[in-house]
Every structure is written in structure tokens, then in C-alpha cells.
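Take a look at the fold shown here. This report walks through a pair of helices first, then some single residues.

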Amino acid sequence: ETTHHAIFINRVLIMDKFTVKIMSYSCKMADITEEGVSLVEDLYKRRQPLPSLDAIYFIQPTKENVVMFLSDMSGRSPLYKNSPIQMNLEYFPIDSQGFITDHERALEELFCESAEGFNKYNACLNAMATRISTVFASMREFPRVHYRIAKTIDASTMTTLRDMVPTKIAAGVWNYLSKYKTSIPEFPQTETCELLIVDRSVDQIAPIIHEWTYDAMCHDLLCMDGNKYVHEVSSKNGSASEKKEVLLEDHDPVWLELRHSHIADASERLHDKMTHFVSKNKAAQLQQARAGGELSTRDLQKMVQALPQYTDQIDKLSLHVEIAGKLNVIIREQCLRDVGQLEQDLVFGDAGTKELINFFRTQLGVSRENKLRLLMIYAAINPEKFESDKGTKMMQLAGLSADDMIAVNNMRCLCTDTKKSSGGGFTLKFDVQKKKHAHRKERTTEQSAWALSRFYPVLEELIEQLSKGELPKDEYNCMNDPSPSFHVVPTTTSTSARTSPAHSMRSRRTGGSWARPRGSDDGYSSDSVLKHASSDFQKHGQRIFVFVIGGATRSELRAAHKLSSKLKREVILGSSSLDDPLQFITKLKMMSAEELTLDDLHI
């Protein structure tokens with residue numbers, strides 16, 4: 001670690017606006033200074049010459065940035081000494097097993113097809129492919145690139161630009177990977193991992209349905225700014241309370257333990273933790289004896305806060321007791337258990353039109369937003385109902401506005417079937433043998449203790465199929481396979497895409513890793529969001545990367561963590577953005593349903 005710091009001591013770090021954002025996702029300022037960087041500068045601000053210091057330029061390779069860089073290094077007195085450092089890092093880590101490319105308008109730019117938006121379409125595709133590729137450049141991983149094929153490529157139907165999105169992204173990533181093999185030292189020459197590229201059409205329900213984990217509930221129900229939660233705490237002098245910002249991230253051990261637990265389970269465990277603390281503390285026991293009877297979690301929280309040896313650990317525990325309490329109040333006031341039960345029943349075919357109509361008529365306390373989410377789930381399962389005035393009648397019964405119906409109608413932009421609907425409506429495929437249009441099959445091998453946790457994202461099944469080499473060949477291609485199918489760039493002659501065993505090749509590589517554990521020998525010992533990933537994965541099989549174009553969900557991020565343990569392979573989820581339900585619905589409303597074909601653009 002000493003040697004590592006000596007290399008980087010007394011250096012200046014220069015960044016642009018884009019790379020500042022990347023750095024803020026990855027680490028804290030303290031982490032940077034600990035690595036020997038004495039000054040952080042903005043590329044576009046006037047800077048003092050420091051010719052005795054080396055410089056690290058972490059900037060995008062744009063024309064404007066290169067001009068600024070050359071200006072810094074030109075003339076008789078360059079601003080800094082030269083520094084031969086190159087980084088391929090254009091992605092934003094959001095979790096120890098998740099990243100985004102920060103394309104918040106991907107749905108609008110890639111699936112909202114119009115001639116005016118074609119330039120935005122290409123720009124978004126190119127930038128996204130570049131940023132995905134830098135994940136593999138920085139980690140020294142060479143993936144087998146699987147992608148969902150455009151199902152409308154045949155003689156009888158027109159291929160739309162939105163159909164081609166996964167294919168074009170896969171081709172762009174493959175193009176960069178091919179260059180990395182000759183331009184990046186020690187970049188693998190054979191496949192080391194799997195990459196699956198899909199778009200939001202694989203699962204329209206996951207972004208809308210209530211996910212009942214502690215993490216998802218916090219972001220769905222509380223007014224949070226990213227991972228920031230603001231709460232009121234008593235001031236030290238005992239006067240009026242003051243607002244305090246906290247980050248719900250991996251460095252918080254309580255959050256790390258509870259985030260993927262069902263909210264009811266999280267509440268129970270918080271109560272148990274408080275009870276355990278009281279049982280080990282004599283002063284708390286005396287207060288409990290005076291109070292008499294069994295105390296609620298909130299009572300235990302107040303008791304613990306009053307103790308003289310109140311610690312930072314208990315402070316975090318108390319914070320989560322407060323948050324869980326707020327969530328349970330919202331769940332009760334908004335009748336969310338009833339909403340959630342109907343959502344699950346609709347998805348698994350245990351409820352249909354009759355039950356939904358009855359719910360709208362009788363549950364007057366349910367909010368307009370939750371009625372909209374129910375109707376969107378119903379629409380995804382019963383698309384034919386929205387090709388006539390039945391959809392309008394359902395909307396009126398639910399008391400929804402015309403603006404709300406834009407979101408419902410624009411779900412058709414995320415179609416997955418080969419046949420275009422004559423009415424321009426939804427085009428999803430369903431198993432007609434299932435009762436009442438069931439959209440998911442029950443997973444008998446995984447029984448949940450909670451009735452509201454039956455739902456699982458489609459991505460979970462796809463990852464398991466990929467791990468077994470069983471992706472449907474009529475729905476997914478692999479860029480690495482020699483095949484007569486359509487590839488935008490030449491493919492390699494690798495035949496190992498579906499037959500090679502899932503053994504890790506990491507032992508022979510010296511490249512970067514997704515996240516380094518505490519106490520690693522490279523000096524990486526900060527509290528940044530990536531450090532908590534388990535080093536156990538290094539002993540397991542090859543990594544699996546999945547990229548969702550159009551926004552991923554917290555249920556899908558949870559699935560990545562769950563399957564990493566189940567499959568004994570580190571699963572990393574990437575996406576253009578990480579969306580909570582309200583964000584996704586807002587993005588749907590911004591889309592246009594106008595459809596543009598490749599023939600319209602003479603492609």
C-alpha cells in the first residue's frame with residue numbers, strides 16, 4: 001500500500017463535467033486524496049501552473065477536451081509535468097454489482113421513432129455502446145456477446161428502428177471489443193465471461209409492479225433524492241430538531257443487511273436487533289421494567305436513544321427503525337397490501353377483468369397513481385382490451401386522466417411479438433392455455449414466506465438460461481458464433497460460446513476488477529460503493545453481465561445479487577438508467593407512439 005501511494009503522491013487530477021459525475025458515483029473525495037492526489041481541478045476553469053507536479057487527466061476524448069489538454073501542455077511552461085496514464089472508464093457504478101451508462105432519455109431516444117429523432121437515435125446508440133465497452137476494458141474481460149434479435153426481420157413485416165436496438169448495441173460493443181484485443185495491453189484474446197443485451201420489452205411489468213423489499217420500498221414510497229434520505233434529529237443542545245442527510249448505501253451495515261429483505265421481515269429484524277441491545281444493557285433493562293409490558297420497536301428506539309452510551313452503531317439502527325416505521329404507515333394509509341395482492345393475482349392469473357373492475361369500484365382510498373399502475377399491469381397482460389373503447393371505459397372507472405393514458409398507450413412501443421396489431425395497440429405474446437392470461441408461471445422450487453413476493457422479473461429466468469447455455473436460439477444470437485445471421489461487424493471464429501465450461505480465467509489476469517474487498521493489496525481501502533463486493537466470487541465461475549436498454553429495476557438488481565450466490569457466478573447488472581416506478585411512468589409519457597421503419601430511412 002505504501003508503494004502504491006508513493007507512485008501517485010503529489011499529483012493533480014483534472015476532470016471535465018462528465019468524468020466528475022463518474023467519480024462521484026465511484027468514490028468520495030477522501031478516497032482520491034488518500035491515493036496521493038493533492039489537488040482536483042476543473043479542465044475548463046483557469047488554473048495555476050504547477051510544473052513540478054504530475055497530472056492525471058480523467059476526461060472524455062472529445063475535440064474540445066483535447067484542445068484544452070494540448071493547451072495545458074504546450075508552450076515553454078506547461079501547466080504540469082506529463083503523465084502517461086490512460087483510463088477506460090465511462091460508466092457509473094450504482095452498486096457493488098450494478099452500473100448505468102446514464103442515458104436517462106434512452107426510452108424516448110431509442111423507442112420513440114420519428115424521422116426528426118434519427119440523429120438522437122444514432123448518438124444515443126453510439127454513446128451507450130462506448131460506455132458499455134469501457135466496463136470490459138477496465139476489467140480486462142472479453143465477453144461472449146449475446147443479444148435479443150429483432151423478431152420482425154422477415155419478408156412479411158417491416159423492421160422498425162426500435163426492433164434493431166439490441167442488435168445495434170451488440171454490434172457497437174463487439175466493434176470496440178475487437179479493437180481492445182490489439183490496443184489494450186493484457187486484454188484477453190479468448191472469451192472470459194458472458195454478456196447478455198436485452199431491452200425493456202422483455203419485461204414491461206417489472207418497472208411498474210410494487211417490489212416489496214426494503215430497498216425498493218424506500219425509493220418507491222419516500223421522497224428520496226437518489227440515495228439521499230433526509231430526516232429530523234434532535235439537536236445536541238436539546239433545542240429544536242434539525243434536518244440531517246444520510247446516504248442509504250453499501251457502507252451502512254444495517255442497510256447492507258436489510259436492503260433485499262421483504263419490508264415485513266426487515267421490520268421484524270429491526271425489532272429483534274433493538275430487543276437484543278436492550279437485553280444486553282442494564283440501564284435499558286431498568287427503563288423497560290419501569291415501562292412494563294412488551295414494548296414496540298419505536299418505544300425501544302426512544303429508550304436506546306436516551307442512554308448515555310448511545311453509539312454510532314445504534315444511531316444507524318435507530319435511523320432504519322424510523323424509516324421502516326414510515327414505510328409501514330404509508331403502506332397502511334395507501335392500502336398497498338390490497339393493491340399488491342391484486343397486482344400479484346393479475347400477474348399469476350388468479351384475477352382478471354372482473355376483479356379489477358370490482359377493485360376500482362370498492363377501493364375508494366387507493367391513490368390515482370396506484371390505480372394507474374394496476375391498469376398498466378392489466379394492459380400488459382390483456383393488450384386486446386385496449387384496442388377498442390374498453391380501455392377508455394377502464395380508465396374512466398379508475399378516474400385516470402388523458403395524460404395517464406399516454407403512459408398506458410405508449411407501452412406498445414415496447415412490443416415483443418412479430419405480428420403488428422391492426423389497431424396499433426399492444427403486441428405481446430401470451431400463453432392462452434394459462435387461466436386468465438397469466439403472465440408468469442409459479443416457481444414451485446422457490447416458495448416465498450411472503451404472499452406479496454411471488455413476482456419475479458423475467459431477467460431472472462434469462463440469467464439462469466444463459467448460465468446453463470440454454471437461451472432460446474430463435475430469440476437470441478451470439479456475436480462470437482460463426483453464423484450466417486445478420487452481424488453488423490465481422491465475427492470471430494470462436495466455437496466456445498455455448499460449450500465452454502464456466503471456469504474462471506481470472507487467475508491469469510492482472511487487469512482491473514469490478515470491486516475490491518477491504519484489505520486488498522492494492523491500497524484500495526476506502527468506503528466507496530464498490531469495495532464491498534465479495535472476494536469469494538474470484539473462486540467461482542466466469543462473470544455474467546446483463547445489460548437492459550431502457551432502464552433497469554430494483555427487483556432486477558436484487559436478482560443479480562440473489563443469482564450470484566445461487567449460480568456461484570458474479571452477476572453484474574448494467575442499464576441505461578435505474579428507474580423507480582414513477583420515473584419509468586414519467587419516461588413513458590414522454591414517448592411518442594409514431595413508428596418509423598428502416599425502409600422509411602432507406603436503410
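At what angle do helix α19 and helix α20 pack, and how far apart are their axes? The model is a predicted one. In it, α19 (residues 458-468) and α20 (residues 554-567) pack at an angle of about 30 degrees. Their axes lie 10 Å apart.

## Two packed helices

Two packed helices are described by the angle between their axes and the distance between the axes. For α19 and α20, handedness can be added: the crossing is right-handed.

Which residues make the contact? From α19 come Leu459, Glu460, Ile463, Glu464 and Ser467. From α20 come Glu556, Ala559, Lys562, Leu563, Lys566 and Leu567. By type, the residues of this contact divide into five nonpolar, one polar and five charged. An α-helix has 3.6 residues a turn, so residues three or four places apart point the same way.

## Helix α20

α20 has 14 residues. From its first C-alpha to its last, α20 reaches 20 Å. That is close to the 20 Å expected at 1.5 Å a residue.

Why is α20 described as largely enclosed by the rest of the structure? Because 11 of its 14 residues are buried. Among them are Arg554, Glu556, Arg558 and His561, along with Leu557, Leu563 and Leu567. The buried residues of α20 pack against several partners. These are the strands β4 (92-95), β5 (98-100), β11 (541-549) and β12 (569-575), and the helices α8 (214-221) and α19.

## Helix α19

Which residues of α19 are buried? They are Val458, Leu459, Glu460, Leu462, Ile463, Glu464 and Leu466. Of these, Leu459, Glu460, Ile463 and Glu464 also belong to the contact with α20.

The buried residues of α19 pack against β6, β7 (193-199), β10 (476-478), β11, α20 and β12. Just after α19 comes glycine 469, with a positive phi of about 75 degrees.

## Two positive phi angles outside glycine

Lysine 568 comes just after α20. Lysine 568 is not a glycine, yet it has a positive phi of about 55 degrees. This residue is in the loop between α20 and β12. Is lysine 568 buried, partly exposed or exposed? Its relative accessibility is 48%, so it counts as partly exposed.

Cysteine 335 is not a glycine either, and its phi is also positive, at about 55 degrees. Cysteine 335 sits in the loop between α13 (312-333) and α14 (336-347). Its relative accessible area is 21%. The cut-off for buried is under 20%, so cysteine 335 counts as partly exposed.

## A buried arginine

Arginine 144 is in strand β6 (residues 143-148). With a relative accessible area of 1%, arginine 144 is buried. What does its side chain touch? A polar contact of 2.8 Å joins it to the side chain of glutamate 194.

## Apart in sequence, and in space

Some pairs of residues can be described by two separations: one along the chain and one in space. Take asparagine 410, which is found in helix α18 (residues 402-410). Asparagine 410 is buried, at 5% relative accessible area. Asparagine 410 and methionine 590 are 180 residues apart in sequence, and their C-alpha atoms are 8.9 Å apart.

Serine 453 is in the loop between α18 and α19. Serine 453 is partly exposed, with a relative accessible area of 29%. How far is serine 453 from glutamate 211? In sequence the two are 242 residues apart, and in space 7.7 Å, C-alpha to C-alpha.

Methionine 87 lies in the loop between α4 (63-73) and β4. Methionine 87 is partly exposed, at 40% relative accessible area. Along the chain, methionine 87 and glutamine 60 are 27 residues apart. Their C-alpha atoms are separated by 9.8 Å.

## The whole protein

How many helices and strands does the protein have? The secondary structure comes to 21 helices and 12 strands. The protein has 603 residues, and 52% of them count as buried.

One last figure concerns contacts between residues at least 6 apart in sequence. Of these contacts, 76% join residues at least 24 apart.

Note on methods. Residues numbered from 1 in each chain as written. Predicted model: local features only at pLDDT ≥ 70, side-chain atom pairs only at ≥ 80, totals over all residues. Heavy atoms only, no water. Axes fitted to C-alpha atoms, helices over the stretch in contact; angles between N-to-C directions. Helix = DSSP H or I, 4+ residues; strand = E, 2+ residues; numbered from the N terminus. Left-handed = near helix turned anticlockwise from the far one by under 90°. Contact = heavy atoms within 4.5 Å. Nonpolar A, V, L, I, M, F, W, Y, C, P; charged D, E, K, R; others polar. Expected span 1.5 Å × (residues − 1). Buried < 20%, exposed > 50% of the residue type's maximum accessible area, 1.4 Å probe, protein only. Polar contact = N/O pair within 3.5 Å; in protein donor to acceptor, adjacent residues only side chain to side chain.
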